[in-house]
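User: I'd like to go through this structure with you. Could you take my questions one at a time?

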Amino acid sequence: MENKEKNQTDLSSGEEGMIDTDEKKLEGDTSDYINNDESDASPHANQGEKPEYSLKRSGRSSKRFARHTQRTTGGVLPMVPMRGMVIYPGVLLSFDIGREQSIQALKHAMNGRHELILASQMSLDAMWPEPDQINRVATRVFVRQVLELPDNTLKVLVYGLERVEIEDYVRNHSHYEVRYSSLPSAMPDRTPMLDASMRLMVDLFQRYAAISDRVAPEAVTLVRNETDPGHAADVIAGQLPIRFDEQQMILETVIVLDRVQMVLKILHREIQLAELEQKIALQVQAQLEKNQKDYYLREQIRVIQEELGEEGETDDDLGHMREQLEASSIPDEYKPKIEKEIDRLERLPSHFPEYATQRTWVETLLELPFGKITPERHDLTRARRILDRDHYGMVKVKQRVLEYLAVRKLLVESEGDSALRGPILCFVGPPGTGKTSIAKAIAESLGRRYHRLSLGGIRDEAEIRGHRRTYVGSMPGRIIQAIRHVNTDNPLILLDEVDKLGSDFHGDPSSALLEVLDPEQNNSFRDHYIEIPYDLSKVLFITTANTVETIPSALYDRMEIIEVSGYTEAEKIEIAANHLLPRERKQHGLTGANLQVTRPALAKIIQGYTEEAGVRQLEREIARLCRRAAIVIAEAAEKGKSQSLRVTPRNLIDLLDKPRYSYDMADKEDQVGVATGLAWTWAGGDTLVIEVNVMPGTGKLILTGQLGDVMKESAQAALTYTSSRSQSLGLDPEKIKERDIHIHVPAGAIPKDGPSAGITLATALASALTGWPVRHEIAMTGEVTLRGRVLKIGGLKEKAVAAHRAGIRSVLIPKDNERDIEDIPETVREGLSFTPVSTMDEVLELALVKKAIS
């Protein structure tokens, strides 16, 4: 693309890398030419800016190109479209060529008589314009020099020869070639009107040059000594920051008098704009001088007031700050420091940037509560009612809050005040299980003010500890900001998503939290901004996390972990019936009279339309059901009918479309090599069918189904155990080596990992090798060792719910998990039989249907 050159370039004919287009080097050097102001090199240059023109200074330059200024009747030359720039006859112009078509046109010209047609394109946006997008009036130029640049573009120096009009496009394939005709360029008849116009034009140009700094003195000298009015008008036009359309209009104006008068109008406008720019600059300078003067006078007034003992305008505010400081509970050893800062404020001019910084720091300190306590409520009955009002289940969480309240109540009654420090509780569980909302209910039950801080994605330690006052825009950390917001020293602060803290070169926020959450240290927490120790020991901190795996061990050690497991189906039904459905009916303008949802329908929504441990998706599906019901009821109302809707499993699919999820059910008959395991997932529990096939081979073990490393190791351990028990299972060890074993865990697209499938893998292997089928009504979970011991697992509650949902009647669990059976919902316990086992021998005895070996 052809860009206007921004930086001035050495145009000497003998410069290395320049290709001189004349066989005999032209006389002189670049001292014969001058460059105008720099212009934009962007391909989308502003129209008001001008390209870099080089202007003739003496008649000697005219003699150089005399042979090229002969009038021609027409011819064919390569044409280069110019973007946002115009060249006038008798003017040198330096510009860049980058478009491939333009480079081809230049090469074609260099192979001929070194002449080009330069025509401006109408649209600056067109990368390569069509013929109808190019102005017909152009300039025939002589290529003076070409310089190859490192970025594969060419810098070209051309000299404008004459105005031409494009008659036809001869070629437009690799580049444009056009047939042109010369426009009249002879010296016009000198008339008084033309002479007067030229004299006025030269005078106005000198006036413009005196006002503006855009014109070089050499250009003014050249115009003043010019005798050709047309050429003088062209030179002046090239020096003015005028729009592109005006440049083209001047080029198209062949009549010299009209061209001179057009330039006169433009000069009048540009002089007015230049004078206005100069006026604005003077006003800005005067304002700066006024500010300096005002500062000097204020300093004098301040000194005079100090000598007379008079108070300034801001003394009332500073006096109020001193009163606040006196009444504040800020430790006495730090009050002199704050008093010193207030005295410093009194001496600083209010318009100083440092004044605002110092004042903000003092006001922040004075707004902190420093010992202000909100009375707590120790009513256990009220607390239990509030906790049960909005949350179903969560027995361990509620129990821990009631324990804290009971201890606080006894301490207050016995000692008059409580010395118990607030515990650091961490609720860990899947999303949507009510961890954040239960914290708000705890604050309400205790009568404490509540503030939530989201820590997800925080990477800067200063977010916790604050910024030092030396930084621009410094502020306290989030902890101190929370204390300032609630205006009490004993709020409940929820630190949400503590497992999603980040760290980078700014520091580690989790390390900064160690001091905040350590009861032994947080009684003197020091924020970098306030620089005064602050007591956080009365704050009740509660944190939430989805997993403990990403919590740093040091931070994990300072918190009391309370697991918030996923809800069972029975719990979700109760939550939906008692909490979610009434709330969504109210938000959608419905009542219990016109929309009723049966519990079997809620169970169907949970089973077929949600797959989660919490109830967020369930809430969205109930809201969708309410919207569908609203359409039915509203349409009936428009017809004057009263419509009520009762949702049952039968008509549920008409309102919510087809179910999106399904659960595996237990097999109806015993199978060889197929065992049912139980798995814990982020959405709760699920059944896990393990299939084993045995085939002739070389003893290879093939594992498929996207198994993780732990599960692969469990399969190896299960195979080793089964091989070691070959005698009791009636197997020939040598024949096992002659068979390949393929273990597959559907579904293959879902990654699986964990140790609790060990006994299931061993049972399926033993069944496939012996030919004994596995009982279809049994599911199992547990980790197996090489010696056949069954180890403890987690997530028994969720796994039991999955087994009950799949129609399983008996579950084999590790003996160490026997005490966890009481955590399983009673409705599930009633439908399942739990058998604790401690060895694999017991598992095989219970799970396999043994047949006589033939």
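User: What share of the contacts with a separation of 6 or more in the protein chain comes from residues 24 or more positions apart?

Analyst: Contact here means heavy atoms within 4.5 Å. This is a predicted model, where local features need pLDDT of at least 70 and side-chain atom pairs count only at pLDDT 80 or more, while totals for chains, interfaces and linings use all residues. Residues are numbered from 1 along each chain as its sequence is written, and side-chain values use heavy atoms, with hydrogens and water left out. For residues 24 or more positions apart, the share of those contacts is 75%.

User: How many helices and strands does the protein chain have?

Analyst: Helices (H or I, at least four residues) and strands (E, at least two) are DSSP runs, numbered from the N terminus. On that basis the protein chain comes to 27 helices and 28 strands.

User: Which strands stand at the edges of the open sheet of 5 strands?

Analyst: Two strands pair if DSSP finds at least two bridges between them. The sheet has parallel pairing and runs in the order β12-β13-β16-β11-β17. Each edge strand has a single partner, so one side of it is left without a neighbour in the sheet; the two are β12 (450–454) and β17 (560–563).

User: Within that sheet, which residue in β16 does Val428 stand opposite?

Analyst: Strands β11 (residues 424–428) and β16 (residues 540–545) run parallel and are joined by 5 bridges. In β16, the residue opposite Val428 is Ala545.

User: And helix α13, at what angle does it run to β13?

Analyst: Axes are lines fitted to C-alpha atoms, for helices over the stretch in contact, and angles run from 0 to 180 degrees between N-to-C directions. Helix α13 (residues 435–446) lies across β11, β12, β13 (492–496) and β16. Its angle to β13 is about 175°.

User: Let's zoom in on Arg452. Is it buried or partly exposed, and what is its relative accessible area?

Analyst: Arg452 lies in strand β12. Leaving aside neighbours within four places in sequence, Arg452 is in contact with Thr436, Leu494 and Asp496. Buried means under 20% relative accessible area, exposed over 50%, and partly exposed in between (1.4 Å probe, protein chains only). Arg452 is partly exposed, at 41%.

User: How far apart are the C-alpha atoms of Arg452 and Ile493?

Analyst: Along the chain, Arg452 and Ile493 are 41 residues apart. Their C-alpha atoms are separated by 5.8 Å.

User: How are α20 and α21 oriented to each other?

Analyst: The axes of α20 (residues 616–638) and α21 (residues 649–656) come within 10 Å and cross at roughly 85°. Angles under 35 degrees count as roughly parallel, over 145 as roughly antiparallel, 65 to 115 as roughly perpendicular and the rest as oblique. The two helices are therefore roughly perpendicular.

User: Which residues in α21 are met by Glu621, Arg624, Leu625 and Arg628?

Analyst: Those four are the α20 side of the contact. On the α21 side they meet Leu652, Leu655 and Leu656.

User: Last one: which residues form one aromatic cluster?

Analyst: Rings of Phe, Tyr and Trp (its six-membered ring) pair if their centres lie within 6.5 Å; planes under 30 degrees apart count as stacked, over 60 as edge-to-face and the rest as tilted. Trp128 and Tyr176 are stacked, 5.2 Å centre to centre with 15° between the planes. Tyr169 and Tyr176 are edge-to-face, at 5.3 Å and 70°. The cluster is formed by Trp128, Tyr169 and Tyr176.
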